[in-house]
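Subject: Structure for your review

Dear colleague,

Please find below the structure that I am handing over to you. I would be grateful if you could read the notes beneath it with the structure open.

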Amino acid sequence: MPTVTPQQDSDRATRLGELREAVRRFVETHAIPSEDPALAHDVVRLDRVTRGLQARAREAGIYAPHLPREHGGLGLNWSERAQVLEEAGRSFLGAPALNCAPPDQPNMINLLQQGTPAQQQKYLMPLIRGEIRSCFAMTEPAPGAGSDPGMLRTVAERVNGNWVLNGHKWFISGAVGAAFAIVLARTDDGATMFLVDAGNPGYRLVRNIAGMDGYQIGGHGEILLERCVVPDDAVLGLPGKGFDYAQARLEPARLSHCMRFIGRASRAMEIAQRYAAQRDSFGQRLCELQQIQAMVADSHIDLHASRLMVRDCAMRMDAGEPVKHESAMTKVFVSEAVWRVADRAVQIMGAQGISDDTPVSMIQRELRPFRIYDGASELHRATLARRIFKSGMRP
Ligand SMILES: Cc1cc2nc3c(=O)[nH]c(=O)nc-3n(C[C@H](O)[C@H](O)[C@H](O)COP(=O)(O)OP(=O)(O)OC[C@H]3O[C@@H](n4cnc5c(N)ncnc54)[C@H](O)[C@@H]3O)c2cc1C
């Protein structure tokens with residue numbers, strides 16, 4: 001491994017500082033002013049606004065921070081991404097503008113790691129350029145896969161050298177307007193990932209499932225796969241390895257969510273602090289009241305702890321260490337901590353906190369589902385505890 005000199009280290013830190021500053025400026029100047037409560041749930045307008053922002057992000061030299069340089073990205077390691085994604089995450093539109101929002105971001109990781117050169121040419125390159133979007137389809141209605149992927153009901157069978165997929169997926173983020181889906185389906189040897197074009201006659205987007213979070217590009221789709229025929233080269237990676245690939249994408253995906261949402265919750269608290277510094281009650285500024293002070297202090301504690309946990313995970317990932325255990329603990333803690341922070345921000349701001357006059361209410365609505373997807377808190381706690389007792393791990 002090539003050694004890094006202190007000078008190179010310091011140059012890299014300087015460049016990261018400048019990049020972080022550039023992302024903050026971009027978010028303040030372009031992303032936040034483009035936010036509009038009327039955009040929430042309007043997937044068509046959201047796409048249009050995002051495309052415009054992506055062009056500006058490219059001009060600003062901050063596009064695709066998560067990708068290697070040879071793929072047009074900024075070549076950042078995980079520790080560096082933590083800082084940039086937090087800045088981008090302050091705005092609902094920041095990460096989509098930089099093209100580092102889910103589900104495209106983890107799909108790019110899958111395609112980079114498992115895609116053949118032909119698949120990368122067809123799917124990854126236009127995805128990177130922001131010409132198309134994608135989605136990742138694993139979850140199914142009962143009795144199919146939810147928290148337990150082992151309950152996967154979508155099947156793929158070999159027929160005349162092709163694969164035929166049948167199944168029902170839902171809550172598939174980004175599905176409306178996606179050019180293709182990475183579909184997880186059961187095969188003889190376990191589960192397999194397939195690249196399915198949205199134009200395939202056997203692939204049908206049934207509806208967009210409206211939810212409490214408003215700024216999801218491409219909404220959350222319900223999809224039917226009915227005798228959906230795909231060729232052999234639609235298999236992503238190796239047949240039978242789908243669960244492994246899904247697990248491998250989840251760790252970086254959930255950590256990236258943590259990074260972006262720390263930014264989002266910080267912004268909610270910034271707004272609440274400004275409110276508390278200006279608003280009077282019974283002859284006192286809100287910020288002089290101990291109960292308000294405690295909520296602000298607890299929020300800073302939550303955010304600080306969240307950043308440290310994310311940073312620790314990121315450093316381990318940069319060192320090539322496994323982070324199964326740490327990323328699960330981090331996801332549980334951060335998803336609950338950022339929710340607490342946003343909830344306190346709402347409380348501090350009184351009625352304004354629940355209105356769409358400020359972004360605080362939407363931030364809270366967006367953070368709530370994070371305790372469910374990428375593994376519900378209860379599931380992570382159960383898995384963590386099982387691993388701890390099985391291995392006799394000391395606290
Ligand atoms: C905003 C959002 C975006 C999403 N995007 C995608 C996407 O792009 N692609 C995709 O495939 N899926 C997506 N999902 C689906 C998500 O992955 C599932 O919601 C999640 O896996 C939980 O599955 P479920 O909803 O079926 O809940 P269930 O499995 O029915 O679980 C319900 C609740 O039961 C509890 N529970 C479950 N299992 C256990 C356990 N073992 N121990 C203790 N408690 C337990 C938890 O509290 C859990 O919240 C998204 C969901 C949301 C909300």
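The notes that follow concern a helix contact, one residue within it, and several salt bridges.

Please bear in mind throughout that this is a predicted model.

I begin with the packing of two helices. Helix α3 covers residues 78–88, and helix α7 covers residues 242–278. The axes of α3 and α7 are 7 Å apart and meet at an angle of about 40°. The crossing of α3 past α7 is right-handed. On the α3 side, the contact is formed by W78, R81, A82, L85 and E86. On the α7 side, P252, S256, M259, R260, I262, G263 and S266 take part. By character, the residues of this contact comprise six nonpolar, three polar and three charged.

One residue of α3 may serve as a starting point for inspection, namely E86. Is E86 buried or exposed? E86 counts as buried, because its relative accessibility is 11% and the cut-off for buried is under 20%. Leaving aside residues up to four places away in sequence, E86 touches R20, R81, M259, I262, G263, S266 and R307.

I turn next to the salt bridges. How many salt bridges does a search of the whole structure find? The search finds 25. One of them joins E35 and R267, whose closest N and O atoms are 2.9 Å apart. This pair links distant parts of the chain, 232 residues apart: E35 is in the loop between α1 (6–34) and α2 (43–59), while R267 belongs to helix α7. Both E35 and R267 are buried.

A further salt bridge is formed by the side chains of E366 and R264, at 2.7 Å from N to O. E366 lies in helix α11 (residues 360–367) and R264 in helix α7, so this pair ties together parts that are 102 residues apart in sequence. E366 counts as buried at 9% relative accessibility, and R264 is likewise buried, with a relative accessible area of 6%. Elsewhere, D312, R316, E321 and E326 are joined into one network by salt bridges that share partners.

The side chains of K241 and D244 also meet in a salt bridge, with an N to O distance of 3.8 Å. Here K241 counts as partly exposed, at 34% relative accessibility, and D244 counts as partly exposed as well, at 46%.

Yours sincerely

Notes
Residues are numbered from 1 along each chain as its sequence is written. This is a predicted model: local features need pLDDT of at least 70, side-chain atom pairs count only at pLDDT 80 or more; totals for chains, interfaces and linings use all residues. Side-chain values use heavy atoms; hydrogens and water are left out. Helices (H or I, at least four residues) and strands (E, at least two) are DSSP runs, numbered from the N terminus. Buried means under 20% relative accessible area, exposed over 50%, partly exposed in between (1.4 Å probe, protein chains only). Contact means heavy atoms within 4.5 Å. A salt bridge is a side-chain nitrogen of Lys or Arg within 4 Å of a carboxyl oxygen of Asp or Glu. Axes are lines fitted to C-alpha atoms, for helices over the stretch in contact, and angles run from 0 to 180 degrees between N-to-C directions. A crossing is left-handed if the near helix is turned anticlockwise from the far one by less than a right angle, and right-handed if clockwise. Ala, Val, Leu, Ile, Met, Phe, Trp, Tyr, Cys and Pro count as nonpolar, Asp, Glu, Lys and Arg as charged, and the others, Gly among them, as polar.
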